[in-house]
Amino acid sequence: MRIVVIFLSIISLASLWIYFTGSDSNAMANIKNLSKPDSTNQKGVNMDNKVVKSDEEWKKELTPDQYRILREKGTERAFTGKYWDHHDFGIYICAACGTELFESDTKFDSGCGWPSYFEPIDSSRIIYKEDKSFGMTRTEVMCAKCDGHLGHVFDDGPPPTGLRYCINSGSMKFIKKEK
Ligand SMILES: [Zn+2]
């Protein structure tokens, strides 16, 4: 009798484990699908043509806040950036190199205090990297052209991707477009 009980508990633990890790690996597969090593995206921008500058050069070109975020992987405080509550129609570009990163059509109100998007304009414009800082495992997102730190991507976003690109306002500039 005791053996049967132990056996049943092992089965239920195993199915729970499969349930939780299964949903997690689906989300990670989403992110991995996005980071295909494809240097030329559909819109014809070649990301092999990297922008490489010294720290001194970046310091001259960027504001102190932009430098801290983009080059030193800093994070602006929630609800303080320019774009977390910004709803104009247009395109968000990298503040360091001008690469077009996100469209306002993919922006949503996540309530987290940072501008949030469910997908980038093109996955080849983003580099994904595992980040184990602060005792957490997160996926860092960087600009593929200049390696500037943008923010992180999480798997709790809305359809159609289920992803939430949580981006520092200070790493981007906004270009308004006519509808
Ligand atoms: Zn850039």
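Which strand is His152 found in? Select that residue and you land in strand E7. Keep it highlighted for a moment, because this is a predicted model and a good anchor helps before you look around.

**Stop 1: His152**

Is His152 buried or exposed? Count C-beta atoms inside 10 Å and you get 20 neighbours, so His152 counts as buried, 20 being the cut-off. Now bring up what touches it, skipping anything within four places in sequence: His152 is in contact with Asp131, Arg138, Thr139, Glu140, Val141 and Cys166. Then add Tyr165, which sits 13 residues away from His152 along the chain, with 6.0 Å between the two C-alpha atoms.

**Stop 2: the hairpins of E5, E6 and E7**

Next, select E7 (149-154) and E6 (138-143) together. These strands pair in the antiparallel sense over 4 bridges, and you can check the register by finding Met142 opposite His149 in E7. The two make a hairpin with 5 residues between them, and in its turn Asp147 has a positive phi of about 65°.

Now step back along the chain to E5, residues 126-131. E5 and E6 are antiparallel too, joined by 6 bridges. Click on Tyr128 and look across to Val141, its bridge partner in E6. This pair of strands is also a hairpin, with 6 residues between the strands; Phe134 is the one to click, with a positive phi near 55°.

**Stop 3: the three-stranded sheet**

Hide that and show E2, E1 and E9. In that order they form an open sheet of 3 strands with antiparallel pairing. E2 (100-103) and E9 (172-176) are the edge strands, each with a single partner, so one side of each has no neighbour in the sheet. Look along the sheet and you should see the twist: neighbouring strands are turned by 30° against each other on average, ignoring direction.

E1 covers residues 90-94, and its antiparallel pairing with E9 runs over 5 bridges. Select Ile91 and you'll find Ile175 of E9 opposite. On the E2 side, 3 bridges join E1 to its antiparallel partner, and Ile93 stands opposite Glu100. E1 and E2 form a hairpin as well, with 5 residues between them; in that turn, select Gly98, whose positive phi is about 85°.

**Stop 4: the core**

Which residues have the most contacts inside the largest nonpolar core? Select Leu101, Tyr165, Ile167 and Met172, out of the 27 residues in that core. Then colour the elements that give two or more residues to this core: helix H3 (64-70), E1, E2, E6, E7 and strand E8 (164-167).

Zoom in on Ile167. Leaving out neighbours within four places in sequence, its contacts are Trp114, Pro115, Tyr117, Leu150, Gly151 and Met172.

**Stop 5: colour by confidence**

Finish by switching to pLDDT colouring. The chain has a mean of 84, and 73% of its residues reach 70 or more. Where does pLDDT stay under 50? One such stretch is residues 14-25, where the model has 0 contacts beyond four places in sequence. Another is residues 35-44, also below 50, although this stretch has 14 contacts in the model beyond near neighbours in sequence.

Terms used: Residues numbered from 1 in each chain as written. Predicted model: local features only at pLDDT ≥ 70, side-chain atom pairs only at ≥ 80, totals over all residues. Pairing = 2+ DSSP bridges. Axes fitted to C-alpha atoms, helices over the stretch in contact; angles between N-to-C directions. Core = buried A, V, L, I, M, F, W, Y, C linked by C-beta atoms within 7 Å. Buried ≥ 20, exposed ≤ 12 C-beta atoms within 10 Å, placed from the backbone. Contact = placed C-beta atoms within 7 Å. pLDDT = per-residue confidence, 0-100.
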